[in-house]
Structure formats: structure tokens, C-alpha cells
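This report introduces a structure to a reader who has not met it before. Please view the sequence and the model together with the text.

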Amino acid sequence: MDFNSLKLIAMALVVGLGVIGPGIGIGLIGGNALNALGRNPQAEAKIRSLMILAIAFAESLAIFALLFGFIILGTSK
Amino acid sequence: MNQNEIHIASSKLFSFDIQFFNFSYNLIVTNSMLTTLIVCLFLMMMAAIIGLNLSRNSSEVPNKIQAFFELVLGSLGGFITGTMQVSKLPVLIYSISGFFFAFIAISSWVGLLPGVGQLFVDNGLEKVHLFRAPTTDLNVTVALSIIAFGLIQFQGIAALRWGYLAKFINFASPLAFVVGLLELISEMARLLSFSLRLFGNIFAGEVMLMIVLSMSRIPNPYLDFIGIPFPIVIIALELAVALIQAYVFVALFLVFSGLAKEEAH
């Protein structure tokens with residue numbers, strides 16, 4: 001395999017595998033936030049802000065994967 | 001040069017030499033520095049407009065501009081007292097948080113303005129973008145997070161004195177030493193993730209916008225059809241992402257400030 005095709009495969013793999021975990025995490029956070037909202041609708045503002053904070057933590061991992069993807073895309077031999 | 005090339009680093013516009021006594025330095029002005037300057041001027045102008053529109057005495061009814069900004073700043077104050085769990089609003093943290101929020105939101109939105117991604121200039125070597133959103137430059141986000149973390153450490157030292165240092169370097173027992181070491185590492189990791197999160201989110205958004213915009217240039221009947229509404233949706237998403245990232249930056253800054261003031265356990 002030549003360098004360019006390896007590079008493309010590497011980028012696809014790093015982004016594709018890297019977003020699996022954060023995807024599951026964000027789904028769990030959102031689902032549990034909705035659960036909490038169903039139990040206690042008065043606490044909506046507090047739950048929403050905490051949910052966004054937690055999602056930002058999970059999301060930053062996906063963003064790292066994306067950044068590494070860009071870095072791989074930008075490398076040359 | 002391919003117009004859709006992805007630049008992770010900002011590009012040089014021009015450079016000039018600074019002579020300072022015997023010390024000379026070649027200062028490189030990049031496109032993100034130029035945009036940062038414009039954003040700062042805009043923020044100063046906004047501050048001047050708000051200042052000129054304040055009511056002079058308490059009997060006067062505040063006008064719409066004052067009422068709007070009182071609402072925004074009041075909710076920011078409520079947010080700070082709620083997150084840090086203090087009864088009195090800390091003035092320094094209040095103003096710094098307001099700066100972080102305004103600067104991050106405005107400088108991310110600048111990248112969505114028409115012309116920011118389309119204007120090119122020649123810097124002698126290649127054609128480069130004239131403008132670049134400040135938050136898509138890693139230098140700016142690292143600088144912002146260093147400011148935030150300097151302030152967090154300052155607050156910790158102000159609240160706990162020497163007890164703050166004992167959080168990180170503790171020879172009381174082997175276990176305490178290892179815990180302190182882990183605290184130190186997690187502090188570094190926070191600094192890194194603070195800057196990379198902001199940079200990555202805004203930069204990924206710009207790249208996504210670029211890809212979607214170039215999609216509408218491919219001669220294809222189906223892509224032509226989706227080429228117009230697609231970028232609009234992405235721009236709307238990016239407007240929200242910029243606001244959320246500004247909110248997250250301020251919220252994490254406040255949470256870590258609260259944690260720094262806590263006693264070691």
C-alpha cells in the first residue's frame with residue numbers, strides 16, 4: 001500500500017473508532033438527563049446546565065480524535 | 001493553491017522587526033492576530049456604547065440597551081454565585097467570566113461572517129486567508145486557558161495559602177504523595193483539554209462548513225439541490241456550538257475555581 005492510501009485509512013480509522021466511545025457516553029448522559037427530568041421536572045434548568053457540562057467532557061474526546069485525524073491528513077512523507 | 005486546503009496553524013500575513021534597545025525581534029503578524037484585534041476593537045466599542053447608554057441617576061428609567069445588558073449580566077452573576085456557591089459575587093471572577101464569554105462567543109461567530117473564509121491575500125509566498133476566527137488558532141485558546149488556570153491557582157493560593165501547595169506535593173504518607181502527584185497530572189491534563197476542546201470544536205465546525213460549501217460546487221443534480229439548505233443548517237448549528245463552548249469554558253472555569261478553594265482531603 002502506498003503512503004496516501006495508508007493515510008486515508010488511518011484518518012478514517014482514528015475518527016471512526018474515536019467517536020464510538022463519546023457517542024455512547026453522550027447517549028447515556030442525554031438519556032439519564034431525560035430520566036431525571038421525568039422524575040423531577042422542576043429542576044429543569046439545573047439538569048440542563050449539568051447535562052451540557054457533562055456532554056462537553058465526553059465530546060472533547062471525540063474532538064481529540066477528529067484533531068488527530070486532521071493532523072494525519074496534513075502529514076506528508 | 002487549493003482553496004479548500006485545511007490549515008491547522010494560522011498563516012503569516014506580514015512580519016516586521018522590533019528594535020528594543022539591543023534586543024531585536026521579528027514579529028510575525030498572522031491572520032488570526034488581525035482578527036483578534038478586530039474582535040477586541042468591536043468589544044471595546046460595545047463597552048463604550050453600553051457605557052454611554054447607562055442612566056445617569058436612579059430616578060431615570062433605563063433604556064432598552066441598559067435593560068438588555070442588565071438582564072444578561074444579572075443572569076451571569078446568578079450563574080456564578082450558583083456554581084461557586086458563594087453568597088457575595090466575586091468581582092474579579094465576574095468580570096473575567098464576562099470577558100471569557102463575550103470574547104469566545106464573538107470570536108467564534110466572526111468565522112461565520114461572509115468574507116472571512118473567502119478573502120485571500122498574497123503574503124509573498126502563497127495566497128492565504130486575510131481573516132481567521134481567533135478561536136480556530138491554537139495559540140489563542142492556549143493563551144485563554146493559561147489565563148484561566150493562572151487565575152484558578154491564584155484563587156487557590158489566596159484561599160488556602162500553603163495548604164494549596166500541600167494538595168500537590170505532600171510527604172505525609174506514601175499514599176498522600178501519590179495522590180498529590182495524580183492531582184498535579186490532572187491539573188496539567190485540564191489545561192490541555194481546556195484549550196483543545198475549544199480549538200477542536202470551533203475548528204472542526206469551520207472544516208465541516210468548508211466541506212459542505214465545496215459540496216455545492218460539485219456538478220451533480222442531487223448535490224445542487226441540497227447545496228443551498230445544507231450550509232444554512234450547518235451555520236445555524238455552529239452559532240449554537242460557539243455559544244455552548246463559551247458557556248462550557250466559563251462553567252468549567254467556575255467549577256475548577258470552586259474546587260481549588262476546597263481543602264485537601
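Two residues are in contact if their C-beta atoms, placed from the backbone, lie within 7 Å. The model is predicted, so local features require pLDDT of at least 70 and side-chain atom pairs pLDDT 80 or more, while totals for chains, interfaces and linings use all residues. Residues are numbered from 1 along each chain as its sequence is written, and chains are lettered from A, with ligands numbered from 1, in the order in which they are written.

Twelve residues of chain B and twelve residues of chain A form the contact between the chains. On the side of chain B that touches chain A, α6(B) provides the largest share, six residues. Helices are DSSP runs of H or I with at least four residues, numbered from the N terminus.

That side of chain B divides by residue class as follows, where Ala, Val, Leu, Ile, Met, Phe, Trp, Tyr, Cys and Pro count as nonpolar, Asp, Glu, Lys and Arg as charged, and the others, Gly among them, as polar.

| Class | Residues of chain B |
|---|---|
| nonpolar | eight residues |
| polar | three residues |
| charged | one residue |

Helix α6(B) covers residues 174–215; its 42 residues should span 62 Å at 1.5 Å a residue (taken times one less than the number of residues), which agrees with the 59 Å between its end C-alpha atoms. Its buried residues (20 or more other C-beta atoms within 10 Å of their own) include Phe194(B), Leu198(B) and Phe203(B). The buried residues of α6(B) pack against α3 (44–74) of chain A and against α3 (91–109), α4 (138–160) and α8 (229–260) of chain B.

Key
Helices (H or I, at least four residues) and strands (E, at least two) are DSSP runs, numbered from the N terminus. A residue is buried if 20 or more other C-beta atoms lie within 10 Å of its own, exposed if 12 or fewer, and partly exposed in between; C-beta atoms are placed from the backbone.
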